[in-house]
Amino acid sequence: MPDPNEDARLDALRKLNLLDTPPSESFDRITRMASQIFGLPISAVSLTDRDRQWFKSRVGVEHTSIPREKAPCAQVAESAEMVVIPDLLADSGYAGSVLAGQGVRFYAGAPLVTRDGYGLGALCVLGTEPRGASAAEMAALNDLAKMVMSQIELQHALGRIDPLSGLPNRTQFLDDIDDLGRDEPGRCRLAVLVDLARPEQLSDGVRVMGSRFLDDMVQEGTRALRAVLGAERTLYHVAATQFAFLALRDVDQQTYVAMLASILEQVREASNVRFVMSATIGVAPFLAGETSSRDVLRTAHSAALEARASDPPVSVYSPQKDGVHRRQFRLLNDFGAALYEPGQLRLVFQPRVDLATRACIGAEALLRWSHPTLGEVSPGEFIPIVEQTSLARPITAWVLGAGLKQLGAWWAAGLRLQLSINVSAANLEEKDFAVRVQQYLLEHRVPAEMLELEVTESAVMDNPAQAIGQLEALEVAGVRLAIDDFGTGYSSLAYLQRLPAEVVKIDQSFVRDLALGEREQTLVRSMISLSHDLGYRVVAEGIETGAAAEMLSAMKCDEGQGYFFARPMELPDFERWLGQHGMMKAAA
């Protein structure tokens, strides 16, 4: 598997558009200075590409690149640290290198490092005789390397002013926070982030009005904020519809936060409520020079997200709430690896029983995750996060593959057990989803009718035409379909009767309320009756007591699932449960 850090490093390098560009006197001047300080004939600004060292500037070198393999500059880029090699021929790692073969004996390199910590390459000096390097020489080389990076940033810095808003951008904001750390070390300051709109509002607006919607929002937001803050305050445009500024020195945090609510109201009035209708403000206290500039921006953004649930929508950064978000991000980041590393993901199985005979007629496959450092992670925590990302497809592919492999093993052993697997709205958006399900069935030699796919009402309603098309293709293939969490969605009966499903699963929230009284029982009884009238088989989820099971059976509910019968079990425990109950009786 490719090194993600190396891919990110290469991406950072290529974004700068330096590779294979013409020579530049601004770089050559620094390279000559390095050669003169060391009194050596060769010096270069060397950038580490995927398989080569390319020289943006060079002194005493005819060629423009050498292979990356065994190139000392690659070591500098990968480690982002200075490297000194007194004698290449005496170093086992470089004795057989291209440089050593060309007569180079001495090497010293200082890293060229981006603000994000990615090593682009090195400013290096080379000599034809072995020698050492003094601390003063290396300090000078390091200073010159930083000058090279300043020149790189300068050449790349049309990026200091956002062309749409005309405001200093995110890069400038981060620089100014860093400068504040040098000028006012230890002083407590407040960073303020204004987020003009929610992502779904932006998406809907652009879909209806085109990209001009976003442009108008940014320009109107810029004018409104400038009018409120005044010309003497620096306003930054740090993301698509996000702006930042610093509170004045020595303000009282509590008083200032209260004042920000009125600032938000002024912004809305100044914008004529045309676009800026759901703005939020996040406030991030920080100590200059002690909190990294990126953390200042991140915590301000975290606070702005929290403000969506506040009234007024102004929030101060909370480490506790931020910890929740950071855990979610970590889980999302780590889940990709879990898909491909054996032992982290597994399936557990919960029986489904016929309420009239109490025979076990199937099971639901449920995903579990054992994180290598966090331990068991609840599916209620990680599945909602993962399903909103591009991981929705591979997670379902993993569950289908593992579930049908097990179902194939049961089938081969003569065990005729139907298996239910959940699929998400994102899966129904995939044009080839029905085809891929059929491929899994063929691969594991499982009859299509032994697989049941569970979808929620809301998942279907996200894109009814696409979803129903996929479900119809699955029905034609013989796969059984179930509507999960029935009663909690917002679909109309017009859509519900169009779904090619055979089963509805009444959500456990209704089942658990049965004991509350006649009103709740009437509701469930009506849901069962309606489902039967529409031709569905009915499964009740969340049955936790014998009384509930008997009540549902009297209501003619077909199947049941819940802790009363059995909890979700690991595979050996589930197979043992089946053996003990002979697939005939539920646990009392």
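Here a trainee and a mentor talk through a predicted model, asking how each label is earned.

Trainee: Let's start with the sheet. How do you know that β1 and β2 count as paired strands?

Mentor: Pairing asks for at least two bridges between two strands. Strand β1 (residues 42–48) and strand β2 (residues 52–59) are joined by six bridges, so they pair, and they run antiparallel. Within that pairing, V45 stands opposite S57 in β2.

Trainee: What is the strand order in the open sheet?

Mentor: The order of its six strands is β3-β2-β1-β6-β5-β4, and the pairing is antiparallel. β3 (65–67) and β4 (83–85) each have a single partner strand, so they stand at the edges with one side lacking a neighbour in the sheet. From one strand to the next, the twist averages 25°.

Trainee: Which strands does helix α2 lie across?

Mentor: Helix α2 (residues 25–38) lies across β1, β2, β5 (106–113) and β6 (119–127), and runs at about 80° to β2. Helix α3 (residues 72–79) also packs on the sheet, where it touches β1, β2, β4, β5 and β6. The direction of α3 makes about 145° with that of β6.

Trainee: Now helix α17. How do you know that its span agrees with its 14 residues?

Mentor: For residues 464–477, a rise of 1.5 Å a residue gives an expected span of 20 Å. The end C-alpha atoms of α17 are 20 Å apart, so the two values agree.

Trainee: What makes the buried residues of α17 line one face?

Mentor: Those residues are P464, A467, I468, Q470, L471 and L474. Seen down the helix axis, they fall within an arc of 160°, so they line one face. The face turned away from them carries the exposed residues A465 and V476. Just after α17, G478 takes a positive phi of about 100°.

Trainee: On to the cysteines. Why is C124 in no disulfide?

Mentor: A disulfide needs two cysteine sulfur atoms within 2.5 Å. The nearest cysteine sulfur to that of C124 belongs to C73 and is 3.7 Å away, so C124 fails the cut-off. By this rule, the count of disulfides is zero.

Trainee: Why is C124 called buried?

Mentor: Buried means under 20% relative accessible area. C124 has 2%, so the label applies.

Trainee: And C557: is it buried or exposed, and how far is its sulfur from the closest cysteine sulfur?

Mentor: C557 is buried, because its relative accessible area is 5%. Its sulfur is 15 Å from the closest cysteine sulfur, in C360, which is too far for a bond.

Terms used: Residues are numbered from 1 along each chain as its sequence is written. This is a predicted model: local features need pLDDT of at least 70, side-chain atom pairs count only at pLDDT 80 or more; totals for chains, interfaces and linings use all residues. Side-chain values use heavy atoms; hydrogens and water are left out. Helices (H or I, at least four residues) and strands (E, at least two) are DSSP runs, numbered from the N terminus. Axes are lines fitted to C-alpha atoms, for helices over the stretch in contact, and angles run from 0 to 180 degrees between N-to-C directions. Contact means heavy atoms within 4.5 Å. The expected span of a helix is 1.5 Å times one less than its number of residues. Buried means under 20% relative accessible area, exposed over 50%, partly exposed in between (1.4 Å probe, protein chains only). The arc is that of the directions from the helix axis to the C-beta atoms.
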